[in-house]
Amino acid sequence: LMPGLVDMHTHISPTSAKHYLYSGVTSVRNNAGNIEMLNLIDVVSPKVYASYRLIDREPGLWGPTSYGNISSNDIDTALAAVDELHKQNAKFVKVYGNIQEDVLDVVVKKSSELGLEVAADLLHTKSIDSIKAADYGVKWLEHASSIIHSLYPDYNTQISKDEFTLFFR
């Protein structure tokens, strides 16, 4: 006998939902996607703790605004995105990659007012490290992202191979 497993970072879909159950995963934390797709998942699936569209800076690491992301440098657009996620009963808000600090600040504050925590995947950031994200109020760091930025402030994912080896000697 084994308790149900929890996948804390996934992007579940209607076709993959049953595979989680077959593997013993009874709950998942969905880290971006769209509400319409998740609404197609039938009842034979794990419990889904979901966020939907992620919030990123223009032009967006996943491209321009689409069904899965909102790419904007505008504070009002970001606040509207938080409202949209709240109305969709998202369980948290996810910010991504190159979000601007002023936008992150208002997203965290608005999310908190609505009872939503903020998760961040800041792997590609050049300006917000894990400490700064925590200072803003981010509760979750996806992929342990931006922790390396706290240790090595000049690190970013676009550095050359030679620069990379300098960091990790």
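In this predicted model, the secondary structure of the protein comes to seven helices and eight strands. The radius of gyration is 17 Å, close to the 15 Å that the globule rule gives for 169 residues, so the protein is as compact as a globular protein of that length. If the C-alpha trace is followed along its principal axes, it spans about 50 × 40 × 25 Å.

A few totals describe how the chain is packed. Of the 169 residues, 44% count as buried, where buried means that a residue has under 20% relative accessible area. The protein exposes about 9,200 Å², and carbon and sulfur atoms supply 56% of that area. Among the contacts between residues at least 6 apart in sequence, 49% join residues that are at least 24 apart.

With this overview in mind, we can turn to the strands. One open sheet is built of three strands, which have the order 1-2-3 and pair in parallel. Strand 1, residues 5-10, and strand 3, residues 47-51, stand at the edges with a single partner strand each, and therefore one side of each is left without a neighbour in the sheet. Neighbouring strands of this sheet are turned against each other by 10 degrees on average, if direction is ignored. Between strand 1 and strand 2, the latter made of residues 25-31, the parallel pairing extends over four bridges; Leu5, for example, has Val25 in strand 2 as its bridge partner.

Another parallel pair is formed by strand 6 and strand 7, which are joined by five bridges, and here Val95 has Ala120 of strand 7 as its bridge partner. How many residues of strand 6 are buried? Five of the five are, so strand 6 is largely enclosed by the rest of the structure. Both of its faces are covered, since Phe92, Lys94 and Tyr96 on one side and Val93 and Val95 on the other are all buried. In strand 7, four of the five residues are buried, so this strand too is largely enclosed by the rest of the structure.

The next step leads to the largest nonpolar core, which has 31 residues, and of these Ile55, Val93, Val95, Ile99 and Val107 touch the most other members. The elements that give two or more residues to this core are helix 1 (17-22), strand 2, helix 2 (35-38), helix 3 (75-87), strand 6 (92-96), helix 4 (101-113) and strand 7 (117-121). Ile55 gives a view of the surroundings of one such residue: not counting residues up to four places away in sequence, Ile55 touches Ile70, Ala78, Ala81, Val82, Val93, Lys94, Val95, Tyr96, Ile99 and Val107.

Finally, we can look at a single residue of helix 4, namely Val106. Leaving aside the neighbours within four places in sequence, Val106 is in contact with Ile75 and Leu79. Val106 and Leu21, in turn, are 85 residues apart in sequence, and their C-alpha atoms are 37 Å apart in space.

Note on methods: Residues numbered from 1 in each chain as written. Predicted model: local features only at pLDDT ≥ 70, side-chain atom pairs only at ≥ 80, totals over all residues. Heavy atoms only, no water. Pairing = 2+ DSSP bridges. Axes fitted to C-alpha atoms, helices over the stretch in contact; angles between N-to-C directions. Core = buried A, V, L, I, M, F, W, Y, C linked by side-chain atoms within 4.5 Å. Buried < 20%, exposed > 50% of the residue type's maximum accessible area, 1.4 Å probe, protein only. Contact = heavy atoms within 4.5 Å. Rg over C-alpha atoms; globule rule 2.2 N^0.38 Å. Areas by Shrake-Rupley, 256 points an atom, 1.4 Å probe, with all protein chains shown as cover.
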